[in-house]
Amino acid sequence: MTFTAPAALRPYRIHPSSIVEEGAKIGMNVEIGPFCHIGSKVRLGDNVRVMSHVVIDGSTTVGEGTVIFPNAVLGCAPQNIHYKGEDTELVIGRGCTIREGVTMHPGMPDFGGQTTVGDNSMFLAYSHVAHDCHVGSNVILSNNVMLAGHVTIGDRVIMGGGAAVHQFTRIGHHAFIGGLAAVSNDVIPYGMLNGNPGVLMGLNIIGMQRSGFDKPAIHAVRRAFKMIFDPATPIRQNVARVRDLPETNAAVADIIAFIDAESERALSSPARGQRG
């Protein structure tokens, strides 16, 4: 069913070839281009722009100012054999750019039922966000990046084209993942991972500089990185040593907290296959 209110009364613009089901909530100054389908439980914030041939279904919320390019499919049923049609959610933040052919799925009911995307993130063509993923703000997923279910991506992560992330993996904030990398283990905040299988190659110093970290903070993180991944002793012992350093700053504390947190996956390290 399409909206039939007189054009003069509509605070949005919907192309006549598109279908917006009754019950959908459309914000002010929303633009929906030709041949789109917007489901009955969808909520589009103010100033959202939906280009042609876009499908948005399920309980999907799109934040203010987000732009969705042609052939994106958002909020359709998860690609999971255990999904039985439950009412779960996809929540996308403000100011995101979702390019051609991007797919994002809602959560599964037994894992919280929600997939979330933060603000001002960019998803390049044909990237995929699976069920129960939690993607932070100011994230960039390049073309064909694939996130399996239950992946957590911190703020300001950049992922190169074709990278793939194993389910339940965590990638800490400000990390950089190289193109075509296979990410099967957790990546610490500020980490830089490349290869297949993925190997922790060092720190995303450029990303830290762009985010305003000063030289003392960066030097502290570098020192902590070398200590934590010293192959002479186990990582857990090395973390204990770093925790006792008098100059430990907030960035180092973030890395320690990330390693200390419970996880389904092992920890990526410079030594392939090394475990924490």
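Before I come to the pockets, one term: when I speak of a helix, I mean a DSSP run of H or I that is at least four residues long, and the helices are numbered from the N terminus. With that in hand, please keep in mind throughout that what we are looking at is a predicted model.

Let me start with the largest pocket, where helix 1, residues 205-210, supplies three residues and with them the largest share of the lining. The volume of this pocket is about 200 Å³. If you want to find it on the screen, look for Asn 138, Ile 140, Arg 156, Ile 158, His 174 and Phe 176, which belong to the lining together with Asn 204, Ile 206, Gly 207, Arg 210 and Ser 211. Sorted by character, the lining of the largest pocket holds four nonpolar, five polar and two charged residues.

The second largest pocket encloses about 170 Å³ of space. Its lining consists of 14 residues, and those that lie nearest the centre are Gly 58, Ser 59, Tyr 83, Glu 86 and Asp 87. In the lining of this second largest pocket, four residues are nonpolar, six are polar and four are charged.

Now let me step back to the chain as a whole, which contains four helices and 28 strands. Its radius of gyration is 21 Å, close to the 19 Å that the globule rule gives for 276 residues, and the chain is therefore as compact as a globular protein of that length. Measured out along the principal axes, the box that the C-alpha atoms fill is roughly 70 × 40 × 30 Å. Of the 276 residues, 48% count as buried, and among the contacts with a separation of 6 or more, 30% come from residues that are 24 or more positions apart.

Turning to the sheets, I would like to take two of them in order. One is an open sheet of eight strands, paired in parallel, and the order of its strands is 3-6-9-12-15-18-21-24. At its edges are strand 3 (25-26) and strand 24 (170-171), each of which pairs on one side only. Within this sheet I would draw your attention to strand 12, residues 89-92, which runs parallel to strand 15, residues 114-117, and is joined to strand 15 by four bridges. Strand 9, residues 59-62, is likewise parallel to strand 12, and four bridges join these two strands. If you like to follow the register residue by residue, Thr 60 stands opposite Leu 90 in strand 12, while Val 91 stands opposite Thr 116 in strand 15, and Ile 92 has Val 117 of strand 15 as its bridge partner. Which residues of strand 12 make up its covered face, and which its uncovered one? Leu 90 and Ile 92 form the covered face, whereas Glu 89 and Val 91 form the uncovered one.

The other is an open sheet of nine strands, again with parallel pairing, in the order 2-5-8-11-14-17-20-23-26. Here the edge strands are strand 2 (19-20) and strand 26 (182-183), each pairing on one side only. Two bridges join strand 20, residues 146-147, to strand 23, residues 164-165, and the two strands run parallel; in this pair, Leu 147 has Val 165 as its bridge partner.

Finally, a few residues in the loops. His 150 sits in the loop between strand 20 and strand 21 (152-153). Is His 150 buried or exposed? Its relative accessible area is 14%, under the 20% cut-off, and so His 150 counts as buried. Leaving out residues up to four places away in sequence, His 150 touches Phe 111, His 131, Asp 132, Cys 133, Phe 168 and Thr 169.

Ser 52, in the loop between strand 7 (49-50) and strand 8 (55-56), is also buried, with a relative accessible area of 19%. Beyond four places in sequence, its contacts are Gly 33, Pro 34, Cys 36, Pro 70 and Asn 71.

Ser 184 lies in the loop between strand 26 and strand 27 (191-194), and at 28% relative accessibility it counts as partly exposed. With neighbours within four places set aside, Ser 184 is in contact with His 166, Thr 169 and Arg 265. The C-alpha atom of Ser 184 is separated by 39 Å from that of Gly 33, and these two residues are 151 residues apart along the chain.

Key
Residues numbered from 1 in each chain as written. Predicted model: local features only at pLDDT ≥ 70, side-chain atom pairs only at ≥ 80, totals over all residues. Heavy atoms only, no water. 1 Å grid on protein atoms, 1.4 Å probe; cavity = no way out; pocket = protein on both sides within 12 Å on 5 of 7 lines; lining within 4 Å. Points joined across faces, edges and corners; volume = space filled by probe spheres on them. Nonpolar A, V, L, I, M, F, W, Y, C, P; charged D, E, K, R; others polar. Pairing = 2+ DSSP bridges. Rg over C-alpha atoms; globule rule 2.2 N^0.38 Å. Buried < 20%, exposed > 50% of the residue type's maximum accessible area, 1.4 Å probe, protein only. Contact = heavy atoms within 4.5 Å.
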